[in-house]
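User: Please take a close look at the largest pocket. How much space lies in it, and which residues line it?

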Amino acid sequence: MGFEKFAASTVKDFIVLDEIFRNQAGSIAKVQFKYDQKLYVLKEIAITESKSRKNAINEVTLLQQLHHPNVIRFYGHFWDESPRRGGATQSLFMVLEYCECGDLGRLVAARRLMLQQQGTGAGTG
């Protein structure tokens, strides 16, 4: 399925445009890949113990198998062995589809707000 495109990548191959989320376990950023100029989401999982490495590999395996129009597309992954914050010995980076409209939670919240506003505006006039 072409997951090898990013296998030899490093963090330096991406331009970070916006940090979406960050905590001790990793980060999520909107990025641009320098070699095709396309927008992606780069998800970092900081590996602190063998169990978290196994969980990260399981997530990659699952995402590689998912092919559905309503699921974020997985494009590939790469490892970074440089020391990380929080005692992590390495990080797994997953390259994911960037969705212009945001995540499902944001869409549901916007829809709910719109319906509430329609409900309160329906009785006036």
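Analyst: What follows describes the largest pocket of a predicted model. Local features need pLDDT of at least 70, side-chain atom pairs count only at pLDDT 80 or more, and totals for chains, interfaces and linings use all residues. Residues are numbered from 1 along each chain as its sequence is written, and side-chain values use heavy atoms, with hydrogens and water left out.

The largest pocket holds about 740 Å³ of space. Its lining has 23 residues, and I72, C99, G102, D103 and L104 are the closest to its centre. A pocket here is an open set of points on a 1 Å grid over the protein atoms alone, where a 1.4 Å probe fits, with protein on both sides within 12 Å along at least five of seven lines; lining residues have an atom within 4 Å of a point. The volume is the space filled by probe spheres set on the points, which are joined across faces, edges and corners.

Two or more lining residues come from each of β1 (14-23), β2 (26-33), β3, α1 (50-65), β5 (90-97) and α2 (104-121). Helix α2 gives the most, with 3 residues. Helices (H or I, at least four residues) and strands (E, at least two) are DSSP runs, numbered from the N terminus.

By class, the lining has 13 nonpolar, 2 polar and 8 charged residues. Ala, Val, Leu, Ile, Met, Phe, Trp, Tyr, Cys and Pro count as nonpolar, Asp, Glu, Lys and Arg as charged, and the others, Gly among them, as polar.

Strand β3 spans residues 39-47 and includes L39. Helix α1 contains I57. I57 and H77 are 20 residues apart in sequence and 10.0 Å apart in space, C-alpha to C-alpha.
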